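This report describes the fold of one protein chain, working from secondary structure to side-chain packing.

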Amino acid sequence: MAETRKVQVTGGSTFTVSIPKEWATENDVEAGSRVQFHPEDHSLILTPVSEEGRTEGSLDVAGLEGEELRRAVMTMYVSGFDVISFEADRITTDQRREIRQAAQGLVGLEVLEETADRVVVRDLLDSSELSIHNAVDRMRLIASSMLNDAVEALAASDGDLARDVIQRDDDVDRLYMVVSRIFRATLRSPTAAEELGLPREVCFDYHSSARQLERVADHATKIAHLSLELEGVPPEEVAASLQELHDAAAEVIEDAMAALVAEENDEAIRLANGARERVQEIDASAREIDELLRELDPARAQLLGLIVDSLSRSADYGGNVAETALQKAAPTP
């Protein structure tokens, strides 16, 4: 609940204001304690000065296994813990394997200690050296190349390339976890945002856009799987239409991301509006290809129709990034 305090003047030139006792008690603030003020536009955020150190957390994993246990590892990582203890009366061999595999799939995390009743993992990265901008840009590069290669694998019936696309999805997922971890850190601590050199609103924009890129990578993976199911290459006319659809979708994603990182608001608005307009054109093109597929064998047409849908959805996700870029470029109240 918000509380109101009156600003007073002491010593003729110093402004002072009291802080709520309940808040001070909950945060171990007492006479002589130091606090920090973080300017943020027209606001000041007050936080206690904490001792430097790594954030430790623990989780009872009794009864957790498989995907549920892997998700628990990822959740603790994204939540921002530097040292995580997974504990139970007895950690099974299967649980150890799942924890190790989950840790290997996350950037900077490795197993530090294993005993009969716990497994400890630690983040070896210095959070102050992480860049949310670089992580999102890397996601863009990988997701875009995956989408391009998935369509190429389809057109050439190249199974090896399709399987390579599927494997790269793990790289995008790892980067998305990094972005989520950084973003959540900025929500907990204004200092984290200061270390990044970005306002928290911009971190939110990057996180939202990273989620869209992760979905693009998922659809590239889906196209790769479908290409492995499809026997032979698609008809030449269909392949050409799919390539054109891909090129248009890729252009939307590129322009949307360029708008997101543009330094000039006018340039960001121009790029984002252009990307949003092309999404409508892509939807119309997708419908035309669906009509073209009606002439094919039903089973084959269904697989190709799913690929059309994935390309169209990828463009939609690019359009969502463009919408975020427009909001970022808009005047702030």
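The expected span of a helix is 1.5 Å times one less than its number of residues. In this predicted model, helix H2 (residues 66-78) has 13 residues and should therefore span 18 Å; its end C-alpha atoms lie 19 Å apart, which agrees. For helix H9 (residues 265-293), with 29 residues, the expected span is 42 Å, and the end C-alpha atoms are 42 Å apart, again in agreement.

**Overall architecture**

The chain holds 10 helices and eight strands. Its C-alpha trace spans about 85 × 60 × 30 Å along the principal axes. Of the 333 residues, 41% count as buried. Among contacts between residues at least 6 apart in sequence, 71% join residues at least 24 apart.

**Strands S5 to S8**

Three strand pairings are described here, and the table sets them out.

| Strand pair | Sense | Bridges | Residues opposite each other |
|---|---|---|---|
| S5 (residues 56-60) and S6 | parallel | five bridges | Glu 56 and Val 83 |
| S6 (residues 83-87) and S8 (residues 118-123) | antiparallel | five bridges | Val 83 and Arg 122 |
| S7 (residues 109-114) and S8 | antiparallel | five bridges | Val 111 and Val 121 |

S6 pairs with S5 in the parallel sense and with S8 in the antiparallel sense. Val 83 of S6 is the bridge partner of Glu 56 and also stands opposite Arg 122 in S8. S6 is mostly covered, with four of its five residues buried. S8 in turn pairs with S7, and these two strands form a hairpin with three residues between them.

**Helix H2 and its surroundings**

Which residues of H2 are buried? They are Leu 69, Ala 72, Val 73, Met 74, Met 76, Tyr 77 and Val 78. An α-helix has 3.6 residues a turn, so residues three or four places apart point the same way. The cover over the buried residues of H2 includes S5, S6, helix H3 (93-104), S7 and H5. Tyr 77, one of the buried residues of H2, has the charged end of Arg 181 over its ring, 4.8 Å from the ring centre. After H2 comes Gly 80, whose phi is positive, near 105°.

**The aromatic pair**

How many aromatic pairs does the model contain? The count comes to one. The rings of Phe 183 and Phe 204 have their centres 6.0 Å apart and their planes at 50°, so the pair is tilted. Phe 183 lies in helix H5 (residues 159-188) and Phe 204 in helix H7 (residues 200-229), so the pair ties together parts that are 21 residues apart in sequence. Phe 183 counts as buried, at 10% relative accessibility, whereas Phe 204 is partly exposed, with a relative accessible area of 44%.

**Helix H9**

The buried residues of H9 include Ala 268, Leu 271, Ala 272, Gly 274, Ala 275, Arg 278, Val 279 and Ile 282. Further along H9, Ala 286, Ile 289, Leu 292 and Leu 293 are buried too. The buried residues of H9 pack against helix H8 (236-261) and helix H10 (298-329).

**Met 257 and Arg 140**

Met 257 is found in helix H8. Is Met 257 buried or exposed? At 5% relative accessibility, Met 257 counts as buried, because the cut-off is under 20%. Leaving aside neighbours within four places in sequence, Met 257 is in contact with Val 136, Arg 140, Leu 213 and Val 321. The C-alpha atom of Met 257 is separated by 47 Å from that of Glu 30, which is 227 residues away along the chain.

Arg 140, one of the contacts of Met 257, has its place in helix H4 (residues 132-156). At 15% relative accessibility, Arg 140 counts as buried. Not counting residues up to four places away in sequence, Arg 140 touches Leu 213, Glu 254 and Met 257. Leu 213 is thus listed among the contacts of Met 257 and among those of Arg 140.

**The nonpolar core**

The largest nonpolar core has 87 residues. Those touching the most other members are Phe 86, Val 136, Met 139, Leu 242, Leu 304, Ile 307 and Leu 311. Leu 311 touches Leu 147, Val 151, Ile 223, Leu 242, Leu 245, His 246 and Ala 249, leaving out residues up to four places away in sequence. Val 136, also named in that core, is in contact with Met 257.

Methods. Residues numbered from 1 in each chain as written. Predicted model: local features only at pLDDT ≥ 70, side-chain atom pairs only at ≥ 80, totals over all residues. Heavy atoms only, no water. Buried < 20%, exposed > 50% of the residue type's maximum accessible area, 1.4 Å probe, protein only. Contact = heavy atoms within 4.5 Å. Pairing = 2+ DSSP bridges. Phe/Tyr/Trp six-rings, centres within 6.5 Å; stacked < 30°, edge-to-face > 60°. Lys NZ or Arg CZ within 6 Å of the ring centre and 35° of its normal. Core = buried A, V, L, I, M, F, W, Y, C linked by side-chain atoms within 4.5 Å.
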